[in-house]
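Let's take a walk through this model together. Keep the viewer open and follow along as we go.

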Amino acid sequence: MKNIELLVLDMAGTTINEDNVVYKTLMHAVNDYGYEVSLEKVLSSCAGKEKLEAISGLLHEIGGNAHEALPIFENFSDQLKEAYQNLDVKPIEGVEKFLLKMREKNKKIVLNTGYTSEIAQQLLDKLGWKEHIYYDALITADDVSESRPSPEMINLAMKKFNIHEPDKVLKAGDSVIDIEEGKNAGCGLTIAVLSGAQNKTELEKSHPDYIFNTISEAEEVLY
């Protein structure tokens, strides 16, 4: 069992169930430009990444036009705003209880995401999750200059709470990029979850310390 002081948790697919709406929207936004990309391809290529970077990478992989990345991203952002307004957002099963329990044990919880802060905040408002009740800080792609798998978001989280040893940090997420981010930061624990974008076979490629069905199962490896 690990003595963890800080939990850095991805949002969509790890703590929040939004039915893959982001990647479905991203798929539509790309296909609006005459491509025929499947949801499966989008999930394996784009999960966990900052979204403009994800679109650029996807276009490169499918031999698309690199100059279309920005207009596709803008199309995606507009569609996502609309999709989220109508979306029923739920916490992943057991997560709310897990967050409250961890905070009771004086562990800090940082939610981190490749989304913009506007979209992340929209999700949290829909859930009714208040800062200092369910989590201690939100860190998004807007807060850093380098997106995942760079450890910059985790480094910022550690700085915020004056934690100097990465061994006391847990990073959890539903994509390979999340696990790589945790490993790049030197986190004491990296946990992959099967509640989101990528499956067990894909997640195993990043060699997380554990693969759980949901993040609430992590309780058994923490004290």
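Start at helix α1, where Val21, Val22, Tyr23, Thr25, Leu26, Met27, Ala29 and Val30 are all buried. That makes eight of the 11 residues in this helix, which runs from 21 to 31, so α1 counts as mostly covered. What do the buried residues of α1 pack against? Their partners are α2 (39-46), α3 (51-61) and α4. Bear in mind as you look around that this is a predicted model.

Now zoom out. The protein splits into domain 1, made of 6-18 plus 90-221, and domain 2, which covers 21-86. Each side puts 16 residues into the contact between the two. Measure from centre to centre on the C-alpha atoms and you get 23 Å between domain 1 and domain 2. Together the two domains bury about 1,500 Å², with 55% of that area on carbon and sulfur atoms.

Next, look for empty space inside. The structure has one cavity of 30 Å³ or more, and the largest cavity comes out at about 80 Å³. Where does the largest cavity sit? Domain 1 and domain 2 both contribute residues to its lining, so the cavity lies between them. Tyr23, which we met as a buried residue of α1, is one of the lining residues. The rest of the lining is Asp10, Met11, Ala12, Ala47, Gly48, Lys51, Thr113, Gly114, Tyr115, Arg148 and Asp174. Sorted by type, the lining has five nonpolar, three polar and four charged residues.

Arg148 leads us on to Glu181, since Arg148 is among the residues that Glu181 touches. Glu181 is part of helix α8, residues 176-185. Is Glu181 buried or exposed? Its relative accessibility is 0%, so Glu181 counts as buried. Leaving aside residues up to four places away in sequence, its other contacts are Asn112, Pro149, Ser150, Pro151, Met153, Ile154 and Lys171.

Finish at helix α6, residues 117-127, where the buried residues are Ile119, Ala120, Gln122, Leu123, Leu124 and Leu127. Which elements help cover them? The cover includes the strands β2 (16-17), β3 (90-91), β4 (108-113) and β5 (137-140), along with helix α4 (69-85). You've run into α4 before, as one of the elements that the buried residues of α1 pack against. Just after α6 comes Gly128, and its phi is positive, near 75°.

Definitions and conventions
Residues are numbered from 1 along each chain as its sequence is written. This is a predicted model: local features need pLDDT of at least 70, side-chain atom pairs count only at pLDDT 80 or more; totals for chains, interfaces and linings use all residues. Side-chain values use heavy atoms; hydrogens and water are left out. Helices (H or I, at least four residues) and strands (E, at least two) are DSSP runs, numbered from the N terminus. Buried means under 20% relative accessible area, exposed over 50%, partly exposed in between (1.4 Å probe, protein chains only). Contact means heavy atoms within 4.5 Å. On a 1 Å grid over the protein atoms alone, a cavity is a set of points where a 1.4 Å probe fits but cannot get out, and a pocket is an open set with protein on both sides within 12 Å along at least five of seven lines; lining residues have an atom within 4 Å of a point. Grid points are joined across faces, edges and corners, and a volume is the space filled by probe spheres set on the points. Ala, Val, Leu, Ile, Met, Phe, Trp, Tyr, Cys and Pro count as nonpolar, Asp, Glu, Lys and Arg as charged, and the others, Gly among them, as polar. Domain bounds come from an automatic or database domain assignment. Buried area is the accessible area (1.4 Å probe) that two parts lose on being put together, summed over both.
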